[in-house]
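Biologist: I have a structure on my screen and some terms I want justified. Can you take me through them?

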Amino acid sequence: MSLKNSRYSSRLDKGLLPVLLFFPTLLIAIGCWFVTDSPLVGIAAMVLALFHIVLTLVFIWPCYYLLGESQLEVRCGLARIVLPYKDIQRVQASNASMPSPALSLRRLAIESHQGLLLISPANRSKFLQELSLRMHGRYVAEQESAADDSVNISHIVNDRI
């Protein structure tokens, strides 16, 4: 039996947008302020703001997680990480703020032979159920609350450890 690939977008924290937009907005404001007195400084600030926006997009867009037949593929900007299900040792909730292919601090920490990978699928409970199904051949995640998509993920541990 062949499983179809499932794509999950990264959850996006609304608080992340002001952080991402602060520096370019500041540069545009500086550019507008100086464009009449010193056109070179004003234009340079605006070009730098545009460069910052493009560079940020190159590293964070698109950001999604693809559950394939035998592996999890993580794509965030230019980065592409492939993690075979057989290498996954543990999956647990995390709020770690270290750099990762995730646009939210509501993350899942995936421990594997390759190290720690932090991701933030928008529909966490569905992602966990499907990941568990693909890893173990059965659903083991339990829904805690119908109103929230949080899940008891203590059971999603690879039996092959």
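Biologist: Which strands form the open sheet, and in what order?

Modeller: This is a predicted model. In it, 3 strands form an open sheet in the order β5-β6-β7, with antiparallel pairing.

Biologist: What makes β5 and β7 the edges?

Modeller: Each has a single partner strand, so one side of each is left without a neighbour in the sheet. Neighbouring strands are turned by 20° against each other on average, direction ignored.

Biologist: How do you know that β5 and β6 pair?

Modeller: Pairing takes at least two bridges between two strands. β5 and β6 have 6 bridges, in the antiparallel sense. They therefore count as paired. Within that pair, I88 stands opposite S112 in β6.

Biologist: Which helix packs on the sheet?

Modeller: α3 does, touching β5, β6 and β7. The direction of α3 makes about 170° with that of β5. Angles run from 0 to 180 degrees between N-to-C directions, so α3 and β5 run in nearly opposite directions.

Biologist: What makes the largest nonpolar core a core?

Modeller: Its members must be buried residues of the nonpolar kinds, joined through side-chain atoms within 4.5 Å. Here 21 residues belong to the largest one. Y65, L72, I88, I110, I119, F127 and L131 touch the most other members. Several elements give two or more residues, including β2 (63-67), β3 (71-76) and α3 (124-136). α3 gives the most, with 4 residues.

Biologist: Which residues does L72 touch, leaving out those up to four places away in sequence?

Modeller: L72 touches Y65, L66, L67, I81, V82, L83, Y85, I110 and F127.

Biologist: How do you know that the length of α1 agrees with a helix?

Modeller: At 1.5 Å a residue, its 19 residues should span 27 Å. The expected span is 1.5 Å times one less than the number of residues. The end C-alpha atoms of α1 are 28 Å apart, which agrees.

Biologist: Where does α1 bend?

Modeller: At F22, by about 40°. A proline, P24, follows within four residues.

Biologist: Why are P24, L27 and G31 called buried?

Modeller: Buried means under 20% relative accessible area. P24, L27 and G31 are the buried residues of α1, so each falls under that cut-off. They pack against α2 (39-60). Residues three or four places apart in an α-helix point the same way, because there are 3.6 residues a turn.

Biologist: What share of the protein chain counts as buried?

Modeller: Of its 161 residues, 38%. The protein chain has 3 helices and 9 strands.

Notes: Residues numbered from 1 in each chain as written. Predicted model: local features only at pLDDT ≥ 70, side-chain atom pairs only at ≥ 80, totals over all residues. Heavy atoms only, no water. Buried < 20%, exposed > 50% of the residue type's maximum accessible area, 1.4 Å probe, protein only. Contact = heavy atoms within 4.5 Å. Bend = angle between axes of the 7 residues up to and from the residue.
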